[in-house]
Amino acid sequence: MNPMNYVYLSALLFSIGAAGVLLRRNAIVVFMCVELMLNATNLAFVAFARMQGNLDGQVIAFFVMVVAAAEVVIGLAIIVTIFRTRRSASVDSANLLKY
Amino acid sequence: MTISGSTLVALAAAGTPTGTATGTGEAVLFWLLAPIAVLASLGMLFSKKAVHSALLLALTMLCLAAFYLAQDAPFLGVVQVVVYTGAVMMLFLFVLMLVGVDSSDSLVETLRGQRIAAIVAALGFGALLVFSIGDVVVSNAGLATANADGNVQGLAALIFSRYVFAFEVTSALLITAALGAMVLAHRERIERPLNQRQLSEQRFRGGVHPAPLPGPGVYARHNAVDTPALLPDGQPADVSVSRVLLARGDVRKAPGADVVVRDASEIERPGDDQ
């Protein structure tokens with residue numbers, strides 16, 4: 001099997017995540033799609049590390065995981081705060097910045 | 001899910017090639033798990049309920065963990081299971097619980113043609129990625145030499161030498177994230193909590209429903225919380241079933257009633273406005 005298949009899978013998962021960010025209205029589901037995109041890039045990093053024969057890609061994937069964990073904590077706290085004030089987790093209802 | 005996870009780990013270990021070429025075991029693993037990962041992520045995209053999306057995302061992440069294990073990255077594979085499917089997805093489920101399971105998506109398009117445009121953009125973006133990957137010349141060096149002292153040792157040697165500054169900055173990031181989450185999630189109480197007398201007066205002054213809410217229906221053939229009670233005129237009593245069940249659409253029709261209940265959002269309940 002060609003190891004590039006992992007990269008193709010990663011591109012596919014990334015596109016699905018991007019479609020989810022554009023399509024979904026629920027802020028939590030949008031956030032899950034962002035996580036899927038981060039995971040897809042991690043898969044590409046690991047596959048490239050294996051093709052290149054060094055561990056740098058795996059180190060970068062590790063740092064991506066750390067940043068993703070921090071991002072989830074902050075993002076979910078923001079979602080909870082928005083829900084508390086607006087009683088809705090829909091991204092359409094948080095539109096006051098428009099005016 | 002844990003049983004299937006351990007099977008995946010065993011499969012991945014069997015599929016790990018010793019040389020530079022990818023083995024047959026790895027190809028079997030890939031063609032088995034890649035469709036599952038794609039289907040699960042598509043299911044996450046299209047499922048109506050956020051809880052289903054979360055569980056399907058966890059399945060996708062487990063598949064990715066198996067891919068990491070198959071690609072000589074055992075440390076990342078284990079971290080993926082522990083951090084993503086363990087911590088991050090449980091955090092997602094906790095927030096779903098706080099926000100309410102009934103917070104499903106509205107299917108109303110606020111911008112006209114946005115859905116079609118989004119699908120076209122995502123398909124074009126995917127095609128762009130896939131076709132640009134096709135031009136890349138690949139070598140398959142394999143990680144046999146890099147992992148000679150063990151994967152964890154090799155990663156540690158890199159993190160604490162070449163990437164030590166990034167590692168230190170990461171600690172600052174984590175502290176900032178923890179503080180930020182505390183500040184965002186904290187709520188200062190600006191008024192004194194009501195005592196029992198004030199609560200009772202408020203309830204009677206509101207005049208909506210001072211007495212306890214009616215219980216669900218008890219019938220000869222069905223007796224459960226998901227069946228509304230019948231009012232004297234034969235209409236189902238809206239307030240007799242739980243609001244969560246109504247929002248989920250899990251309420252049965254009472255025997256002899258024409259409709260299940262009215263729209264859940266119309267029902268006025270005491271205590272909702274607090």
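What share of the contacts in chain B with a separation of 6 or more is accounted for by residues 24 or more positions apart? I looked this up before anything else, and the figure is 52%. The model is predicted, and I read every entry below with that in mind.

**Chain B overall**

I listed the elements of chain B and found nine helices and zero strands. Written from the N terminus on, the order is α-α-α-α-α-α-α-α-α. I then checked burial: of the 274 residues in chain B, 32% are buried. The accessible surface of chain B is about 16,900 Å². Carbon and sulfur atoms hold 65% of that surface.

**Helix H3 of chain A**

I took the span of H3(A), residues 56-86, which has 31 residues. From first C-alpha to last, H3(A) reaches 44 Å, close to the 45 Å expected at 1.5 Å a residue. Next I looked at what follows H3(A), and found A:Arg87 with a positive phi near 55 degrees.

Inside H3 of chain A I picked out A:Ala70. Is A:Ala70 buried or exposed? I noted a relative accessibility of 6%, so A:Ala70 counts as buried, the cut-off being under 20%. I then asked which residues A:Ala70 is in contact with, leaving aside its neighbours within four places in sequence. They are B:Leu173, B:Leu174 and B:Ala177. I also took the C-alpha to C-alpha distance from A:Ala70 to A:Leu55, which is 23 Å for 15 residues of sequence.

**H3(A) against H4(B)**

For helix pairs I recorded two values, since two packed helices are described by the angle between their axes and the distance between the axes. H3(A) and H4(B) pack at about 5 degrees, with axes 11 Å apart. The angle is under 35 degrees, and therefore I entered the two helices as roughly parallel to each other. On the H3(A) side the contact includes A:Gln58, A:Phe62, A:Met65, A:Val72, A:Leu76 and A:Phe83. On the H4(B) side I noted, among others, B:Phe75, B:Val79, B:Tyr84, B:Leu91, B:Phe92 and B:Val99.

**H1(A) against H5(B)**

I turned to H1(A), residues 4-23, and H5(B), residues 114-133. Their axes come within 9 Å and cross at roughly 165 degrees. That angle is over 145 degrees, so H1(A) and H5(B) are roughly antiparallel to each other. I logged the crossing as right-handed. From H1(A), the residues that meet H5(B) include A:Met4, A:Val7, A:Tyr8, A:Ala11, A:Phe14 and A:Leu22. An α-helix has 3.6 residues a turn, so residues three or four places apart point the same way. From H5(B), the list includes B:Gln114, B:Arg115, B:Ala118, B:Phe125, B:Gly126 and B:Ile133.

**H2(B) against H3(B)**

I then took a pair within chain B. H2(B), residues 24-46, and H3(B), residues 50-70, pack at about 160 degrees with their axes 8 Å apart. The two are therefore roughly antiparallel to each other. I entered the crossing of H2(B) and H3(B) as left-handed. Among the H2(B) residues that meet H3(B) are B:Glu26, B:Leu29, B:Phe30, B:Leu33, B:Ala37 and B:Met44. Among their H3(B) counterparts are B:Ser53, B:Leu56, B:Thr60, B:Cys63, B:Phe67 and B:Ala70.

**Three residues of chain B outside the helices**

I stopped at B:Asp72, in the loop between H3 and H4 (74-99) of chain B. B:Asp72 is not a glycine, yet its phi is positive, about 60 degrees. Its relative accessibility is 15%, so B:Asp72 counts as buried.

I located B:Pro236 in the loop between H8 (196-206) and H9 (243-248) of chain B. B:Pro236 is buried, with a relative accessible area of 6%. From B:Pro236 to B:Val82 I have 48 Å, C-alpha to C-alpha, and 154 residues in sequence.

Where is B:Pro255 found? I found B:Pro255 in the segment after H9 of chain B. With a relative accessible area of 47%, B:Pro255 is partly exposed. Not counting residues up to four places away in sequence, B:Pro255 touches B:Tyr219, B:Thr227 and B:Leu230. My last entry is the C-alpha to C-alpha distance from B:Pro255 to B:Arg197, which is 40 Å across 58 residues of sequence.

Conventions: Residues are numbered from 1 along each chain as its sequence is written. Chains are lettered from A and ligands numbered from 1 in the order in which they are written. This is a predicted model: local features need pLDDT of at least 70, side-chain atom pairs count only at pLDDT 80 or more; totals for chains, interfaces and linings use all residues. Side-chain values use heavy atoms; hydrogens and water are left out. Helices (H or I, at least four residues) and strands (E, at least two) are DSSP runs, numbered from the N terminus. The expected span of a helix is 1.5 Å times one less than its number of residues. Buried means under 20% relative accessible area, exposed over 50%, partly exposed in between (1.4 Å probe, protein chains only). Contact means heavy atoms within 4.5 Å. Accessible areas come from the Shrake-Rupley method with a 1.4 Å probe; for residues, only the protein chains shown count as cover. Axes are lines fitted to C-alpha atoms, for helices over the stretch in contact, and angles run from 0 to 180 degrees between N-to-C directions. Angles under 35 degrees count as roughly parallel, over 145 as roughly antiparallel, 65 to 115 as roughly perpendicular and the rest as oblique. A crossing is left-handed if the near helix is turned anticlockwise from the far one by less than a right angle, and right-handed if clockwise.
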